[in-house]
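New to this one? Here is a quick briefing to read with the structure open beside you.

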Amino acid sequence: MDAMKYSTLRSIVRFIMKIITDIEIYGIDKQPRGNLIIAANHLGRLDTAVLISVIDREDIIMPIAEKYRNHLFYGAIGRAANAIWLNRFEADYSALRQILARMELGGLLAIAPEGTRSKTEALQEGKMGVAFLAGKSGYPILPVALTGTEDRRIVENLKHFRRSKITVTAGELMEIHLPAGKGREQAMHIATDEIMCRIAVMLPERYRGVYANHPRLKELLNS
């Protein structure tokens, strides 16, 4: 990554975000300096810019949907961050191999377990890719919950020259250990539910989506 180029772009992103948003941050101080996966819910197009604004690191490993490669704003972010372009609509093993190769060099992987923006403005089912990457790399996971970045809300506020109130809440670090061979896929499924429920517990009820009635979420809420 061209650190100077990325730091310059991040400064521009932060400047724009200060104008159009009011971001409240909770618990990002729990973010360790070493290898790390930030796993966040994906509400809207602004999520990437929000994470860039609040993560004060330049060793970011950032998968971005292939369709944004030529986008004026997100394409620029991707090129500055040396993004890994990801096909969201099929198992992109080439991208996974690229991510793992970059993780072997160290850094911070920022990724959305859901894989794509939520059309319901609430949690969708998480995909097993994050659990796989964590188990394979040994990177700890920091669950992060975003609110206020829904596309509809952002556009409406921009139309009325209002700043959008956004929250970024970090949970407790967690580690994923996967067995080899038999039972590995089931373990990844359980780990994925754990990641998503740890995100859900930090969200207001209306954002919990398909995990609203998950038994593990109920355990976390009552703990």
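What follows covers a pocket and three helix pairings.

Keep in mind that this is a predicted model. Its largest pocket has a volume of about 960 Å³. Helix H5 is a good place to start looking, as H5 gives the most to the lining of that pocket, with 4 residues. H5 also packs against H7, with their axes 8 Å apart.

**The largest pocket**

- The pocket has a volume of about 960 Å³, and 41 residues line it.
- Want to find the middle? Look for Leu86, Ile111, Ala112, Gly115 and Thr116, the lining residues closest to the centre of the largest pocket.
- Helices H2 (47-54), H4 (93-104) and H5 (129-137) are among the elements that each supply at least two residues of the lining.
- Strands E4 (63-65) and E6 (108-111) each supply at least two residues as well.
- Sorted by class, the lining of the largest pocket holds 24 nonpolar, 9 polar and 8 charged residues.

**H4 with H5**

- The axes of H4 and H5 cross at roughly 35 degrees and come within 11 Å.
- In this pairing, H4 passes H5 in a right-handed crossing.
- On the H4 side, the contact is made by Leu96, Ile99, Leu100 and Met103.
- H5 brings Phe132, Leu133, Lys136 and Ser137 to that contact.
- The contact of H4 with H5 splits into 6 nonpolar residues, 1 polar and 1 charged.

**H5 with H7**

- H5 and H7 pack at an angle of about 110 degrees, and angles of 65 to 115 degrees count as roughly perpendicular, so H5 and H7 are roughly perpendicular to each other.
- From H5, the residues in this contact are Val130, Ala131, Phe132 and Lys136.
- From H7, they are Arg184, Met188, Ala191, Thr192 and Ile195.
- The class tally for the contact of H5 with H7 is 6 nonpolar, 1 polar and 2 charged residues.

**H7 with H8**

- Helix H7 (residues 184-200) and helix H8 (residues 215-222) have their axes 9 Å apart.
- The two helices pack at an angle of about 45 degrees, so H7 and H8 are oblique to each other.
- H7 passes H8 in a right-handed crossing.
- Glu194, Cys197, Arg198 and Ala200 of H7 meet Arg216, Leu217 and Leu220 of H8.
- In the contact of H7 with H8 you'll find 4 nonpolar and 3 charged residues, but no polar ones.

Note on methods:
Residues numbered from 1 in each chain as written. Predicted model: local features only at pLDDT ≥ 70, side-chain atom pairs only at ≥ 80, totals over all residues. Heavy atoms only, no water. 1 Å grid on protein atoms, 1.4 Å probe; cavity = no way out; pocket = protein on both sides within 12 Å on 5 of 7 lines; lining within 4 Å. Points joined across faces, edges and corners; volume = space filled by probe spheres on them. Nonpolar A, V, L, I, M, F, W, Y, C, P; charged D, E, K, R; others polar. Axes fitted to C-alpha atoms, helices over the stretch in contact; angles between N-to-C directions. Parallel < 35°, antiparallel > 145°, perpendicular 65-115°, else oblique. Left-handed = near helix turned anticlockwise from the far one by under 90°. Contact = heavy atoms within 4.5 Å.
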